[in-house]
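Colleague: I want to go through the charged side chains here. Can we take them one at a time?

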Amino acid sequence: MILINLLPHREAARKRKREAFYATLGISALAGGVIAGGIFLWYAAQISSQQDKNTVLQTEITRLEGQIKDIATLQAEIAALRARQQAVEDLQADRNMPVHLLNELVKQLPDGVYVSSLRQDNQVVSITGTAQSNERVSELLRNLGNNSPWLTRPELVEITSGNVALTPRDQRRVANFTMRVRLLRASEAQKAASAASGASGAASGTPAPTAASASAPAKT
């Protein structure tokens, strides 16, 4: 017997397909929402963890900045203490500078040169005096520049000619001069003596003397 289906089977098939499509679409949307929610939660956890790390790092940075400030303060205090210590050492070393200055002037003044005034400004000494001739002034400059362990870098500031009346009838021409010279501290004089001894020893092929022996002339 032949069976004939008179129901609208095509519409029923389309309906089943639509229902299957909508079901698949709903399942896909649900799966997408679950996946998106999982990804969101994962990123949120990562962000929270990074924020915690940032908080810890910021705390440590703040603590280290405080330590750096303390170190900078300590370094400033150490520098100030060293400066005061150096000032005290310089004062102790400078106590004998006028004695060395007068001793060297007595040694280095050639005959015919007379000093009328001395003025010291820190380590620079201004010398004013009178000489019998310009050659005497030149000789004094050479002596101060080459023969003195305590005086260095003599500089002639001014030289003028003048007259000195020995008697009412006897007048002599003289040279009035002003010069500057630098007075060395004890430590500088010792270094200069050591350098000079080392240079002379190297030139002669003999070993350079020790620092103690090199500084011995500076203590006389």
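**Charges and salt bridges**

Modeller: Happy to. Keep in mind that this is a predicted model.

Colleague: How many salt bridges are there by the rule?

Modeller: The rule asks for a side-chain nitrogen of Lys or Arg within 4 Å of a carboxyl oxygen of Asp or Glu. By this rule the count is four.

Colleague: Which residue meets Arg-63 in a salt bridge, N to O at 2.5 Å?

Modeller: Look in helix α1, about one turn of the helix from Arg-63. The partner lies three residues apart from Arg-63. The side chain that meets Arg-63 belongs to Glu-60.

Colleague: Is Glu-60 buried, partly exposed or exposed?

Modeller: Buried means under 20% relative accessible area, and exposed means over 50%. Glu-60 has 32% relative accessibility, so Glu-60 is partly exposed. Its partner Arg-63 has a relative accessible area of 43%, so Arg-63 too counts as partly exposed.

Colleague: How far apart are the closest N and O atoms of Glu-104 and Lys-107?

Modeller: Both residues lie in helix α2, which spans residues 97–108. They are three residues apart, about one turn of the helix. Their salt bridge has its closest N and O atoms at 4.0 Å.

Colleague: Of that pair, is Glu-104 buried or exposed?

Modeller: The cut-off for buried is under 20% relative accessible area. Lys-107 has 53% relative accessibility, so Lys-107 counts as exposed. Glu-104 has a relative accessible area of 5%, so Glu-104 is buried.

Colleague: Which residue forms a salt bridge with Glu-155?

Modeller: The closest N and O atoms of this pair are 3.4 Å apart. The pair links distant parts of the chain, 25 residues apart: Glu-155 sits in strand β3 (residues 151–165) and its partner in strand β4 (residues 171–183). At 41% relative accessibility, Glu-155 counts as partly exposed. The partner, also partly exposed at 32%, is Arg-180.

Colleague: Which residues gather in the surface patch of positive charge?

Modeller: A patch takes residues with over 30% relative accessible area and no salt bridge. Arg-14 has 47%, so Arg-14 is partly exposed. The residues in the patch are Arg-10, Arg-14, Lys-15, Arg-16, Lys-17 and Arg-18.

Colleague: Where is Arg-14 found?

Modeller: Arg-14 belongs to the patch of positive charge on the surface. The element that holds Arg-14 spans residues 9–94. That element is helix α1.

Definitions and conventions
Residues numbered from 1 in each chain as written. Predicted model: local features only at pLDDT ≥ 70, side-chain atom pairs only at ≥ 80, totals over all residues. Heavy atoms only, no water. Patch = residues over 30% accessible without salt bridge, like charges linked within 9 Å, V, L, I, M, F, W, Y side chains within 5 Å. Areas by Shrake-Rupley, 256 points an atom, 1.4 Å probe, with all protein chains shown as cover. Lys, Arg positive; Asp, Glu negative; His and termini not counted. Charge placed at Lys NZ, Arg CZ, Asp CG, Glu CD. Helix = DSSP H or I, 4+ residues; strand = E, 2+ residues; numbered from the N terminus. Buried < 20%, exposed > 50% of the residue type's maximum accessible area, 1.4 Å probe, protein only.
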